[in-house]
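Here is a small set of exercises to work through with the model open in your viewer. Try each task yourself before you read its solution.

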Amino acid sequence: MSLFKRARGLALLLILAPAIMPAEDKPNAEKSNPDVIVFKNGDQLSGTLVRGVGNSILFKSDIVGEVTIPLSKIKELRSSGSFAVLKKDTPATRTNTQTGMVTMDDSTVTLLHPMGQTETLPVSNVAYIIDQSVYDRELEKKAGPLYGWAGTVTGGASFVQSTQHGGTFSAGVKLVRTIPTVPYLPTRNRTIFSLSETYGKLTTPLIPQTTPASPDSVVKTSIFHTDLERDQYVSKRFYYLGTTAFDHNFSSGLDLQQIYGAGVGWTPVLDAKQQLDIKGDLHYEKQEFEDPASNQNLIGASIGEAYKRTLPRSMIFTQTLQLLPAFNEPKAYSANFSTGLAMPVFKKLSMSIAASDAFLNNPSPGFKKNTFQFITGVAYTLP
């Protein structure tokens with residue numbers, strides 16, 4: 001069990017007090033002069049320019065609140081805030097991105113730099129107009145290891161106190177960090193971390209009528225899983241990835257399973273309500289069992305999908321499926337399936353319902369191949 005304990009200890013270190021920093025898009029601080037939009041019909045609207053994305057801008061006014069305005073309806077825009085203008089098909093770097101005050105007319109955007117220089121480009125060539133504080137935080141500076149994490153912490157427990165006594169505890173952490181953290185900018189990289197533990201013990205005391213030498217009957221449950229995935233995007237929907245995972249399953253006689261792999265991913269479905277990722281990798285897999293004779297060193301692959309959907313009333317549905325064939329030992333394949341539903345109860349607290357099934361085709365002798373879990377608990381959303 002020592003290898004498993006060391007792996008679990010290392011995994012727990014990854015989640016100690018993550019400093020979750022807010023990723024809201026905040027406009028510039030209070031300015032002496034409001035920003036002004038002059039529409040083509042002659043109307044004017046004063047307030048604060050928040051950002052520009054594609055062929056529209058987001059503008060905040062005390063009168064109408066936040067509104068999205070197509071550029072085709074704007075005759076003139078004057079802003080006293082500091083913004084970065086990103087060009088289409090041009091990576092954002094220190095050398096090709098400047099910041100300053102933004103003005104706009106029917107066909108051009110003009111950027112006035114703090115030192116007095118001006119830069120003019122066609123409206124059709126503008127991809128983003130970003131508040132300087134957002135640009136500095138999301139694009140200019142390298143994100144620290146604790147920045148931008150979001151996710152959930154889940155826990156549940158059950159107890160029995162009678163002739164039999166014992167309890168079962170379950171806990172889980174799911175964290176995702178997407179850089180940039182603001183949703184309107186194209187994703188550069190994504191880090192996914194998860195950890196779950198189910199531990200239980202049920203003791204049946206010795207009954208006096210039985211043989212006096214009989215010990216108490218103890219049934220133990222210990223199922224641990226953690227994984228870490230790093231995605232590096234090459235386009236909006238394609239990325240390459242590196243992954244590692246550790247598993248311990250007392251119910252299958254598995255002391256520790258280690259996986260180290262690299263592969264590619266594709267996001268065929270991506271919108272405001274749902275996301276579907278399809279992934280595949282090649283990996284090295286090491287299995288260590290309670291019975292050393294069953295140990296394996298495998299070269300295999302992972303083929304899977306991950307789906308997330310936002311349902312009415314802010315409920316979140318998730319589902320994953322993963323198949324793991326082994327090339328050098330065809331009988332040593334495995335599969336994992338999980339699904340869950342989080343239902344908001346109060347502020348950041350939700351009730352969670354989850355089911356999972358882990359299939360191991362080559363468990364230790366005397367153990368079943370399937371391990372099914374159904375868990376209900378309480379989830380807290382971060383940040």
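The exercises below go from confidence to salt bridges, single residues, backbone geometry and the surface.

**Before you start**

This is a predicted model, in which local features need pLDDT of at least 70 and side-chain atom pairs count only at pLDDT 80 or more, while totals for chains, interfaces and linings use all residues. Residues are numbered from 1 along each chain as its sequence is written, and side-chain values use heavy atoms, with hydrogens and water left out.

**Exercise 1. Confidence**

Find the mean pLDDT of the chain, and the stretch where pLDDT is below 50.

Solution. Start with the scale: pLDDT is the predictor's confidence in each residue, from 0 to 100. The chain has a mean of 87, and 88% of its residues reach 70 or more. Residues 10-24 are below 50, although this stretch still has 22 contacts in the model beyond near neighbours in sequence (a contact means heavy atoms within 4.5 Å). Where pLDDT is low, the predicted coordinates should not be read in detail.

**Exercise 2. Salt bridges between strands**

How many salt bridges does the structure hold? For the pair Lys87 and Glu119, work out which strands are tied together.

Solution. First, the criterion: a side-chain nitrogen of Lys or Arg lies within 4 Å of a carboxyl oxygen of Asp or Glu. The structure holds seven such bridges. One of them joins Lys87 and Glu119, with an N to O distance of 3.4 Å. Lys87 belongs to strand 6 (residues 83-87) and Glu119 to strand 9 (residues 118-122), so the bridge ties together parts 32 residues apart in sequence. Strands here are DSSP runs of E with at least two residues, numbered from the N terminus.

Next, check the cover, using relative accessible area with a 1.4 Å probe and protein chains only: buried is under 20%, exposed is over 50%, and partly exposed is in between. Lys87 is partly exposed at 28%, and Glu119 is partly exposed at 23%.

**Exercise 3. Bridges of strand 14**

Identify the salt-bridge partners of Asp231 and Glu229, and say whether these two acidic residues are buried or exposed.

Solution. Take Asp231 first: its side chain meets that of Arg190 at 2.8 Å, N to O. This pair links strand 14 (residues 217-233), which holds Asp231, with strand 13 (residues 189-204), which holds Arg190; the two residues are 41 apart. Asp231 is buried at 0% relative accessibility, and Arg190 is buried at 7%.

Now Glu229: its partner is Lys279, with the closest N and O atoms 3.0 Å apart. Since Lys279 lies in strand 17 (residues 274-289) and Glu229 in strand 14, the pair ties together parts 50 residues apart in sequence. Glu229 is buried too, at 11%. Finally, shared partners join Arg190, Asp231 and Asp277 into one salt-bridge network.

**Exercise 4. A loop asparagine**

Where is Asn362, and which side chain does its own side chain meet in a polar contact?

Solution. Asn362 sits in the loop between strand 21 and strand 22. Its relative accessible area is 14%, so Asn362 counts as buried. Its side chain makes a polar contact of 3.0 Å with the side chain of Gln287. Leaving aside neighbours within four places in sequence, the residues in contact with Asn362 include Phe289, Gln296 and Tyr333.

**Exercise 5. Backbone geometry**

Locate the cis peptide bonds before Pro180 and Pro383, then examine phi at Arg313 and Lys347.

Solution. Ile179 and Pro180 are joined by a cis bond with omega about 0 degrees, and Pro180 is in the loop between strand 12 (165-179) and strand 13. The bond from Leu382 to Pro383 is also cis, with omega near -10 degrees; Pro383 lies in the segment after strand 22.

For phi, Arg313 has a positive value near 65 degrees and is exposed at 77%. Lys347 has a positive phi near 50 degrees, lies in the loop between strand 20 and strand 21, and is exposed at 75%.

**Exercise 6. A nonpolar patch**

Which strands each supply at least two residues of the nonpolar patch?

Solution. Begin with the members: Val153, Val345, Phe346, Leu349, Met351, Val378 and Tyr380 make a nonpolar surface patch of about 640 Å². Then map them: strand 20 (334-346), strand 21 (349-360) and strand 22 (370-382) each supply at least two. As a check on one member, Leu349 is in strand 21 and is partly exposed at 35%. The patch rule takes residues with over 30% relative accessible area and no salt bridge, joining nonpolar side chains (Val, Leu, Ile, Met, Phe, Trp, Tyr) within 5 Å and like charges within 9 Å.

Conventions: Areas by Shrake-Rupley, 256 points an atom, 1.4 Å probe, with all protein chains shown as cover. Helix = DSSP H or I, 4+ residues; strand = E, 2+ residues; numbered from the N terminus. Polar contact = N/O pair within 3.5 Å; in protein donor to acceptor, adjacent residues only side chain to side chain.
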